[in-house]
Amino acid sequence: MSPETTGLWTIAEVAAHLGIKPSSARGTLSRWGVRAADRRIDGAGRAHALYDPNQVREAAAARPGRGARTDLSDRT
């Protein structure tokens, strides 16, 4: 069964959605707490993690924007 039939994204698809390199996408997903929904072995015997696109989208939407001052908070 391929990722296309499961609806899950490969790391390349995650990276394309986020606009970053696949090697960066792995670290980003780890920091965001997004875990692989499944793993598949390809014809060459290599393992590939597959990710739930909804989890990826939600985590990306929840990240702070560029230049966000996360060190500041409303402590009033």
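These legends describe close-up views of one chain in a predicted model.

**View 1. The whole chain holds four helices and two strands.** From the N terminus on, its elements run α-α-α-β-β-α. The chain has 76 residues, and 22% of them count as buried. Consider the contacts in the chain with a separation of 6 or more: residues 24 or more positions apart account for 46% of these.

**View 2. Helix H2 packs against helix H3.** H2 covers residues 11-18, and H3 covers residues 22-32. Two packed helices are described by the angle between their axes and the distance between the axes. Here the angle is about 85°, and the axes lie 9 Å apart. H2 is therefore roughly perpendicular to H3. From H2, the residues in the contact are Ile-11, Val-14, Ala-15 and Leu-18. They meet Pro-22, Ala-25, Arg-26, Thr-28, Leu-29 and Trp-32 of H3. By type, the residues of this contact divide into eight nonpolar, one polar and one charged.

**View 3. Three residues of H3 are shown one by one: Ala-25, Arg-26 and Thr-28.** Start with Ala-25. Leaving aside neighbours within four places in sequence, Ala-25 is in contact with Ile-11, Val-14, Ala-15 and Ile-20. Next comes Arg-26, which also lies in helix H3. Arg-26 has a relative accessible area of 46%. That value falls between the 20% and 50% cut-offs, so Arg-26 is partly exposed. Arg-26 and Ala-12 are 14 residues apart in sequence, yet their C-alpha atoms are 9.8 Å apart in space. Last is Thr-28, again placed in helix H3. Its relative accessible area is 10%. Buried means under 20%, so Thr-28 is buried. Beyond its neighbours within four places in sequence, Thr-28 is in contact with Leu-18 and Ile-20.

**View 4. The largest nonpolar core gathers twelve residues.** In soluble globular proteins, nonpolar side chains tend to be buried together. In this core, the residues are Trp-9, Ile-11, Val-14, Ala-15, Leu-18, Ala-25, Leu-29, Val-34, Tyr-51, Val-56, Ala-59 and Ala-60. Helices H2, H3 and H4 (53-62) each supply at least two of them. H2 gives the most, with four residues.

**View 5. Ala-59 of helix H4 is a member of this core.** Ala-59 has 14% relative accessibility and so counts as buried. Leu-29 belongs to the core as well. Ala-59 and Leu-29 are 30 residues apart in sequence. In space, C-alpha to C-alpha, they are 8.3 Å apart. Leaving aside neighbours within four places in sequence, Ala-59 is in contact with Trp-32 and Val-34. Of these two partners, Val-34 is listed in the core, while Trp-32 takes part in the contact of H2 with H3.

**View 6. Leu-8 sits in the loop between helix H1 (3-6) and H2.** How accessible is Leu-8? Its relative accessibility is 14%, so Leu-8 counts as buried. Leu-8 and Ala-36 are 28 residues apart in sequence. From C-alpha to C-alpha, the two are 9.4 Å apart in space.

**View 7. Strands S1 and S2 pair in the antiparallel sense.** S1 covers residues 38-41, and S2 covers residues 47-50. Four bridges join the pair. One match to find is Arg-40, whose bridge partner in S2 is His-48. The two strands form a hairpin with five residues between them. In this hairpin, Gly-45 takes a positive phi near 85°.

Note on methods. Residues are numbered from 1 along each chain as its sequence is written. This is a predicted model: local features need pLDDT of at least 70, side-chain atom pairs count only at pLDDT 80 or more; totals for chains, interfaces and linings use all residues. Side-chain values use heavy atoms; hydrogens and water are left out. Axes are lines fitted to C-alpha atoms, for helices over the stretch in contact, and angles run from 0 to 180 degrees between N-to-C directions. Angles under 35 degrees count as roughly parallel, over 145 as roughly antiparallel, 65 to 115 as roughly perpendicular and the rest as oblique. Contact means heavy atoms within 4.5 Å. Ala, Val, Leu, Ile, Met, Phe, Trp, Tyr, Cys and Pro count as nonpolar, Asp, Glu, Lys and Arg as charged, and the others, Gly among them, as polar. A nonpolar core is a set of buried Ala, Val, Leu, Ile, Met, Phe, Trp, Tyr and Cys residues joined through side-chain atoms within 4.5 Å. Buried means under 20% relative accessible area, exposed over 50%, partly exposed in between (1.4 Å probe, protein chains only). Two strands pair if DSSP finds at least two bridges between them.
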